[in-house]
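The report below walks through selected features of one protein chain, moving from a sheet to a helix pair and then to backbone geometry in two loops. It is meant to be read alongside the sequence and the coordinates.

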Amino acid sequence: MKKRSMLMLAALMLVLSAFLAACSGGEKAGTKENGKEGTKTGETAEKPQDGGTLVYALDSAPEGKFNYSFYGTAADSEVIDFFDENLIKFDDKLQPKPNIASWKTEDNKVYDFEIKKGVKWHNGDELSVKDWEFALKVVADKDYEGPRFDNVRNIEGAQDYHDGKAQEISGIKVIDDYHIQITFDKARVNNLENVWTYPMNRTAFKDMAVKDMMSSEQVRTKPVGLGPFKVTKIVPGESVEMERFNDYFGGKPHIDKVVLKVIDPSLSVGELKNGTLDMTSFHPSIIDQVKALDNVNAVTYPGISYYYVGFRLGTWDGSQNVMNESKYQNVKLRQAMYYAINREEWVKAFFFGVGKPVNRPVPTNHWIAADNKELEQFKYDPEKAKKLLDDAGYKDVDGDGFREDPDGKKFVVNFSHYATQNPTFESRAKALTQYWEAVGLKSKLAMTDVNLYYDMLEKADKSMEVFFGGWQTGADPDPTSLWGSKALWNYPRWVNADSDKLLDQAIDMSVVGTDTKKRKDLYVEWQKLFMKELPALPIAELEETMAVSKRVQGVTFDVSGKNRPNEWWIKQ
């Protein structure tokens, strides 16, 4: 099974989530599409060998939310990926395929699911669809504080359950331990891809209030999963140790142990060279150093992530976005800040040949991506930026070289970027502020710890006025979970009725049916609207990068991510 972190939240992903592998260096990921030929590393004709310990580096400290229903950072997702499992999987064309669960539907509204018998949790319990029902009810609960309610919202009755108007979710019907029927509020093209398909072990969370789950040891230090490895030890903020789970439904893993530990990215090349590190994603800034190592494969594979600069246009009222902040409401100001950025220069300087500018909130590898000819390119034009600012009333009134706002008051672009141990992040953030200052916009940079950063964005913290974000998109191209008016991960808090209408139509069976061209046409119109309104400035997209020791065999990559680690083995 190939997998990336969601956002997706999601994300983030996403990430951020879910958005949930991960964008290097603390990028959040959240919401996947269009396959390309995959990349293989460590492939030999030898028979896989059992044994050995794999050391896998995390380039930032995990937040410690080790459960799919609660995680919010890429580092947490990387850890969870080793010990837990999705009920469905995605192929190298990013189409949903049965994994633990298979399904049937005649109308894209009512789905009948069946799960495999005999699938074991790490605590010995057999997986039941009741564990999935349990997770869906947790995510729909009024006291749930995670970012994934959007993944259950469309189940019939989920909103009433969330609002306390119903004791059960009417659209969930458990037939027996292996069969469940889920009914959505209406037929959509992507109900399957968007529904939450990560069960939670009922025994582990028995009698626990939903409000206490996120901080519990079952999430923080003693997680129970379905994946190929099971957690044996967690040192918060430092490392996670796992051992092989012999009863893994996908086949007994070859590797005995996995150690995931936080390693300063500046030390990763040395550890790879010394053989004390086997696998790590890495920032493009060190790609030449990794390529120079004779005991390591430097892998690049198609990416589906993008980076943007967002503007805080409003607040989150607990259930939806409210666009009530005035400072960046003037679209000419946002356009000027876009024209002021030399993205070609910036991407070349900070992404070292594995990135390129992007002109839409959709990665090029998505099948819904609009052709550049259909969009304003916002090519670097500082003179145009200055004229837009002049026209909008942002002028240097006091002669200090920086512009005041239209009311003649001091104007400062307060720009935030997440901080990890990666030294290039502050440099790339400063470069953006320098572009803005070059057209007369005084700018101030704040570097914020990555484990606080996205919590602050989710709460619409007033200090986060202009901010840098990264998203990795998901199997379904629908951007609603990132840009819908009711989306928690819509960090700019952009509210636009035309946007919501286009996004709704693009997944409405009565509008598009199964006609992908009709669906793409609607998404292209949405991208045009987004680039007209510019609630965020799409900056760059890049390929994924991974370093793999040559002693590690059987690892494959494609646009969907890595294959499952039970297939990997260590050459003894």
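## Sheet, helix pair and two loop residues

In this predicted model, strand β6, which covers residues 110-115, is joined by five bridges to strand β8, residues 179-183, and the two strands run antiparallel. Within this pairing, Phe113 stands opposite Ile180 of β8.

The two strands belong to an open sheet of four strands, in which the order is β5-β6-β8-β7 and the pairing is antiparallel. Because β5 (101-105) and β7 (172-176) each have a single partner strand, they stand at the edges, and one side of each is left without a neighbour in the sheet. From one strand to the next, the twist averages 20°.

The loop between β5 and β6 holds Asn108, a residue other than glycine whose phi is nonetheless positive, near 60°. A second case of this kind is Ala460, which is not a glycine either but has a positive phi of about 55°. Ala460 is found in the loop that runs between helix α13 (450-458) and strand β19 (466-472). The table sets out the two residues by loop, phi and relative accessible area.

| Residue | Loop | Phi | Relative accessible area |
|---|---|---|---|
| Asn108 | between β5 and β6 | near 60° | 18% |
| Ala460 | between α13 and β19 | about 55° | 9% |

Are these two loop residues buried or exposed? Since buried means under 20% relative accessible area, Asn108, with a value of 18%, is buried, and Ala460, with a value of 9%, is buried as well.

Turning to the helices, the axes of α9 (residues 331-339) and α11 (residues 382-391) come within 8 Å and cross at roughly 165°. An angle over 145 degrees counts as roughly antiparallel, and α9 and α11 are therefore roughly antiparallel to each other. The crossing of these two helices, α9 and α11, is left-handed.

On the α9 side, the contact is made by Lys332, Leu333, Gln335, Ala336 and Tyr339, while α11 contributes Pro382, Lys384, Ala385, Leu388, Leu389 and Asp391. Sorted by class, the contact of α9 with α11 has seven nonpolar residues, together with one polar and three charged residues.

Note on methods: Residues numbered from 1 in each chain as written. Predicted model: local features only at pLDDT ≥ 70, side-chain atom pairs only at ≥ 80, totals over all residues. Heavy atoms only, no water. Pairing = 2+ DSSP bridges. Axes fitted to C-alpha atoms, helices over the stretch in contact; angles between N-to-C directions. Parallel < 35°, antiparallel > 145°, perpendicular 65-115°, else oblique. Left-handed = near helix turned anticlockwise from the far one by under 90°. Contact = heavy atoms within 4.5 Å. Nonpolar A, V, L, I, M, F, W, Y, C, P; charged D, E, K, R; others polar. Buried < 20%, exposed > 50% of the residue type's maximum accessible area, 1.4 Å probe, protein only.
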